[in-house]
Amino acid sequence: MSRPVLSTHVLDTSTGRPVAGIFVELYKKRDESWTQWHNTVTSSDGRIQFPFLQDSMAAGTYKLKFNVEEYYTRNHKETLYPFVEIVFNTKEGDHYHIPLLLSPYGYSTYRGS
């Protein structure tokens, strides 16, 4: 069985806990515009494994949009960022794990394994 091409994980660094229930949208860049390709929510452990295998997710430029404001509203906290967008390039044959480390007034990301 092939490994999914794309996964993500959201961790709230202010609490040290995974973030469940964040609505995440995946877009693919086509010419000069973005086309929504998939959407889902993070699991109870803050993770998503997108249902794309190597033969269905071509090389290109993609964007993950994390709608984080709802998470902070549910937890009665303010945030500077209503959403976080991470744009990244892919090559065929690679796996991409794009984590989001989140706090109310900052965020970071990296290419995970």
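## Annotated binding site

UniProt, in an unreviewed entry, lists His9, Arg47 and Tyr110 under "binding site". Keep in mind that the structure here is a predicted model. Let's take two of the listed residues, Arg47 and Tyr110, in turn.

## Arg47

Arg47 sits in strand β5, which covers residues 47–49. Is Arg47 buried or exposed? Neither label fits: with a relative accessible area of 39%, Arg47 counts as partly exposed, because that class runs between the 20% limit for buried and the 50% limit for exposed.

As for company, set aside the neighbours within four places in sequence and Arg47 is in contact with Thr8, His9, Thr42 and His97. One of those, His9, is also on UniProt's "binding site" list.

## Tyr110

You'll find Tyr110 in the segment after β10 (106–109). Its relative accessible area is 45%, so Tyr110 is partly exposed too.

Which residues does Tyr110 touch, leaving aside those within four places in sequence? Tyr110 is in contact with His97, Ile98, Pro99 and Leu101. His97 turns up again here, having already appeared among the contacts of Arg47.

## A four-stranded sheet

Now for a sheet. Four strands make an open sheet in the order β4-β3-β6-β7, and the pairing is antiparallel. At the edges are β4 (33–41) and β7 (84–90), each of which pairs on one side only. From one strand to the next, the twist averages 25°.

Zooming in on one pair, β3 (residues 23–30) runs antiparallel to β4 and is joined to β4 by eight bridges. For a specific example, Leu26 has His38 in β4 as its bridge partner.

Conventions: Residues numbered from 1 in each chain as written. Predicted model: local features only at pLDDT ≥ 70, side-chain atom pairs only at ≥ 80, totals over all residues. Heavy atoms only, no water. UniProt positions renumbered as here; feature names shortened; annotations may be inferred. Helix = DSSP H or I, 4+ residues; strand = E, 2+ residues; numbered from the N terminus. Buried < 20%, exposed > 50% of the residue type's maximum accessible area, 1.4 Å probe, protein only. Contact = heavy atoms within 4.5 Å. Pairing = 2+ DSSP bridges. Axes fitted to C-alpha atoms, helices over the stretch in contact; angles between N-to-C directions.
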